[in-house]
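Subject: Structure handover

Hello,

Here is the structure I promised to pass on to you. Have a look at it first, and then read on for what I found in it.

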Amino acid sequence: MKKPKILIAGYGSWAKTKESPAEAIALELGTRRWDCCEASGVGLPVDTTVLSTEIDALLAKHSPDVRIGVGVGVGVGVGVSSAANVQAELIGINWRAFDVPDAGGNRVDGEAIIEDGPAAYRATLPNFEIVEGIKAAGIPSEVSFHAGTHLCNQMLYMTAHQIEARGLRTLTGFIHVPKTPANLFELDDPKMNKPSMSLVHSRAAVACCVETTAHALIAQYEKCA
């Protein structure tokens, strides 16, 4: 039986997370040997101006069956919270409004990601099953109904848009992980009470996402065999 090809793309460092757990998780999981899939992991710059090109190049290079984005939920952008749990995002919306500049210094006050593009795309990962699996592993998790208006939302929206434009059947979605305790030391005010999660637990949660999605695809393959 064919093993699904899964690409994990984690955002790198920027103003809110100098040591990004998202990138660390993607790169580590991409080196693992999986029984259920073939996985690759990459880091992506937190830069609105290059994201489309980066996504297009990764889809062309890897031709994945699944493309999972990972970012840190730091409470920037409209509609996203900084939570102490892992969030599986359901919707990417066609809008950018940055409370904090990206790594390239770009600030967007409010404009479409794709002019004349659809208002939103729904993630195609089995998000509810993913969240149940993460919670069963003892890690706090929830489904989040949209990914804000910063780069995490942009990755989900643009990936779905390019998958549709290419006529692919690739599944895609986005996972927000909390900051690590080490990230909290980067804050200007160390007394601020902020949520966090260990890198070990966040990595285990994304691994659960990989496994749940892979097994869902394998079940589909077996039905069609």
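Let me start in the sheet. Strand 3 and strand 8 (residues 171-177) run parallel and are joined by 7 bridges. One place to see this pairing is valine 66, which stands opposite leucine 171 in strand 8. Please keep in mind throughout that this is a predicted model.

The sheet as a whole is open and has 6 strands in the order 2-1-3-8-4-7, with mixed pairing. Its edges are strand 2 (38-44) and strand 7 (141-144); each has a single partner strand, so one side of each is left without a neighbour in the sheet. From one strand to the next, the twist averages 25 degrees.

Further along the sheet, strand 1 and strand 2 also run parallel, with 7 bridges joining them. Here leucine 7 has serine 40 in strand 2 as its bridge partner. Strand 1 is mostly covered, with 6 of its 7 residues buried.

Two helices are worth looking at against this sheet. Helix 3 packs on the sheet, where it touches strand 4 (86-89) and strand 7, and its direction makes about 165 degrees with that of strand 7. Helix 6 also packs on the sheet, touching strand 1, strand 3, strand 4 and strand 8. The direction of helix 6 makes about 160 degrees with that of strand 8.

Now for the interior. In soluble globular proteins, nonpolar side chains tend to be buried together. The largest nonpolar core in this model has 64 residues, and Tyr11 and Ile68 touch the most other members. Helix 6 supplies the largest share of this core, 10 residues.

As you work with charges, one residue may interest you in particular. Which side chain of opposite charge is nearest to arginine 67? That is glutamate 54, but it is 8.0 Å away, and arginine 67 is buried yet has no salt bridge. A salt bridge here needs the nitrogen and the carboxyl oxygen within 4 Å. Arginine 67 is found in strand 3 (residues 66-72). Leaving aside residues up to four places away in sequence, arginine 67 touches Leu7, Ala9, Leu44, Ile55, Leu58, Leu59, Met155, Thr159, Thr170, Leu171, Thr172 and Gly173. Two of the names above return in this list: Leu7 and Leu171.

Elsewhere, charges do pair. Side chains of opposite charge can pair when their charged atoms come close. How many salt bridges does the model hold? The count comes to 6, and here are some of them.

- Lysine 2 forms a salt bridge with aspartate 65, with the closest N and O atoms 3.3 Å apart. Lysine 2 lies in the segment before strand 1 (5-11) and aspartate 65 in the loop between helix 2 (51-62) and strand 3, so the pair ties together parts that are 63 residues apart in sequence. Lysine 2 is partly exposed, at a relative accessible area of 47%, whereas aspartate 65 is buried, at 17%.
- Glutamate 28 and arginine 203 meet through their side chains in a salt bridge of 4.0 Å, N to O. This pair links distant parts of the chain, 175 residues apart: glutamate 28 is in helix 1 (residues 21-29) and arginine 203 in helix 6 (residues 199-224). Glutamate 28 counts as partly exposed, with 28% relative accessibility.
- Glutamate 132 and lysine 135 form a salt bridge in which the closest N and O atoms are 3.8 Å apart. Both lie in helix 3 (residues 127-136), 3 residues apart, about one turn of the helix. Lysine 135 counts as partly exposed, at 43% relative accessibility.

There is also a network: salt bridges that share partners join Glu28, Arg32 and Arg203.

Finally, a word on the backbone. Serine 63 is not a glycine, although its phi is positive, at about 45 degrees. Serine 63 sits in the loop between helix 2 and strand 3 and is partly exposed, with a relative accessible area of 47%. Aspartate 116 is another non-glycine residue with a positive phi, of about 65 degrees. Aspartate 116 lies in the loop between strand 5 (91-93) and strand 6 (120-122), and with a relative accessible area of 81% it is exposed.

Best wishes

Conventions: Residues are numbered from 1 along each chain as its sequence is written. This is a predicted model: local features need pLDDT of at least 70, side-chain atom pairs count only at pLDDT 80 or more; totals for chains, interfaces and linings use all residues. Side-chain values use heavy atoms; hydrogens and water are left out. Helices (H or I, at least four residues) and strands (E, at least two) are DSSP runs, numbered from the N terminus. Buried means under 20% relative accessible area, exposed over 50%, partly exposed in between (1.4 Å probe, protein chains only). Lys and Arg count as positive and Asp and Glu as negative; His and the chain ends are not counted. Contact means heavy atoms within 4.5 Å. A nonpolar core is a set of buried Ala, Val, Leu, Ile, Met, Phe, Trp, Tyr and Cys residues joined through side-chain atoms within 4.5 Å. Two strands pair if DSSP finds at least two bridges between them. Axes are lines fitted to C-alpha atoms, for helices over the stretch in contact, and angles run from 0 to 180 degrees between N-to-C directions.
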